[in-house]
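Student: Could you take me through one part of this protein in detail? I would like a close look at the side-chain pairs around one helix and its neighbours.

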Amino acid sequence: MKNKTNENFVQIPNKMFMNTNNDEKLVYVKLLQSQMIGYLDKDNRTTMTTVSLLVTLLGWSKGQYSNKKVVKALNGLKDKKYINFESIQDVFTVQINKWNDKEEHIVPVDWKQSGVKFSGHTQIRLSVIDNLL
């Protein structure tokens, strides 16, 4: 997708800010990015990947520690129903699940009686992601 400045971006559901860790967000963004550039099927929101490819795309040092971080993030995203896949072996297919932009999630906080509402999505430019990595 492109925004007004013709720069590509990904959209992540705002509820991710309440229930995912940073590794999960980064892996999710890289899966979206790889799906966007057509590794497999843009219409069905699927992509093919490997753990080592995700480690490389994230700019993490190669090794067991980074592999475990990616696997943990993938499993966390699957448990939270952001993605789906059958198993993590060599090359595997990831389905990026659709989400309801209108769905609201309220997180209770100590400093506000009504809690904090998460709904909609956030557009993150790919250049911002590259700078973060």
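Tutor: Happy to; what follows is a walk around helix H4 and the side chains that meet it or its neighbours.

Please keep in mind that this is a predicted model. For orientation, the protein has five helices and seven strands. Along the sequence they follow the pattern β-α-α-β-α-α-β-β-β-β-β-α. Of its 133 residues, 37% count as buried. Among contacts with a separation of 6 or more, 53% are between residues 24 or more positions apart.

Let us start with charges. Side chains of opposite charge can pair when their charged atoms come close. A search of the whole structure turns up three salt bridges. One of them joins the side chains of Lys 69 and Asp 23, at 4.0 Å from N to O. Lys 69 belongs to helix H4 (residues 64-79) and Asp 23 to helix H2 (residues 22-36), so this pair links distant parts of the chain, 46 residues apart. How accessible are the two partners? Lys 69 has 22% relative accessibility and therefore counts as partly exposed. Asp 23 has 24%, so it is partly exposed as well.

Lys 69 also has an aromatic neighbour. Lys 69 lies over the face of Trp 60, 4.2 Å from the ring centre.

Now move to the next acidic residue of interest, Glu 24. The side chain of Glu 24 meets that of Lys 80 in a salt bridge, with 2.7 Å from N to O. Glu 24 is in helix H2, while Lys 80 is in the loop between H4 and strand E3 (83-84), so this bridge ties together parts that are 56 residues apart in sequence. Is each partner buried or exposed? Glu 24 is buried, because its relative accessible area is 4% and the cut-off for buried is under 20%. Lys 80, at 30%, is partly exposed.

The loop that holds Lys 80 brings us to the aromatic residues. Two aromatic pairs are found in a search of the whole structure. In one of them, the ring centres of Tyr 28 and Tyr 82 are 5.8 Å apart and the planes stand at 70 degrees, so the pair is edge-to-face. Tyr 28 is in helix H2 and Tyr 82 in the loop between H4 and E3, which puts the partners 54 residues apart. Both Tyr 28 and Tyr 82 are buried.

The other pair is Phe 85 with Phe 92, which is tilted, with 5.7 Å from centre to centre and 55 degrees between the planes. Phe 85 counts as buried at 5% relative accessibility, and Phe 92 is buried with a relative accessible area of 4%. Phe 85 has a charged neighbour too: Lys 78 lies over the face of its ring, at 4.7 Å from the ring centre.

Next, consider how H4 packs against another helix. Two packed helices are described by the angle between their axes and the distance between the axes. Helix H3 (residues 51-58) packs with H4 at an angle of about 100 degrees, and the axes are 9 Å apart. That angle makes H3 roughly perpendicular to H4. Which residues meet there? From H3 come Val 51, Leu 54, Val 55 and Leu 58, and from H4 come Ser 66, Asn 67, Val 70, Val 71 and Leu 74.

Helix H2 deserves one more stop, at Gln 33. With 16% relative accessibility, Gln 33 counts as buried. Leaving aside residues up to four places away in sequence, Gln 33 touches Val 10 and Leu 126.

To complete the set of salt bridges, look at Lys 117 and Glu 104, whose closest N and O atoms are 3.5 Å apart. Lys 117 is in strand E6 (residues 112-118), and Glu 104 is in the loop between strand E4 (92-96) and strand E5 (105-109), 13 residues apart. Lys 117 is exposed, with a relative accessible area of 51%, whereas Glu 104 is partly exposed at 48%.

To retrace the walk on screen, begin at Lys 69, which meets Asp 23 in a salt bridge and lies over the face of Trp 60. Then find Glu 24 with Lys 80, go on to the rings of Tyr 28 and Tyr 82, and finish where H3 and H4 pack.

How values were computed:
Residues are numbered from 1 along each chain as its sequence is written. This is a predicted model: local features need pLDDT of at least 70, side-chain atom pairs count only at pLDDT 80 or more; totals for chains, interfaces and linings use all residues. Side-chain values use heavy atoms; hydrogens and water are left out. Helices (H or I, at least four residues) and strands (E, at least two) are DSSP runs, numbered from the N terminus. Buried means under 20% relative accessible area, exposed over 50%, partly exposed in between (1.4 Å probe, protein chains only). Rings of Phe, Tyr and Trp (its six-membered ring) pair if their centres lie within 6.5 Å; planes under 30 degrees apart count as stacked, over 60 as edge-to-face and the rest as tilted. A charge sits over a ring if NZ of Lys or CZ of Arg is within 6 Å of the ring centre and within 35 degrees of the ring normal. Axes are lines fitted to C-alpha atoms, for helices over the stretch in contact, and angles run from 0 to 180 degrees between N-to-C directions. Angles under 35 degrees count as roughly parallel, over 145 as roughly antiparallel, 65 to 115 as roughly perpendicular and the rest as oblique. Contact means heavy atoms within 4.5 Å.
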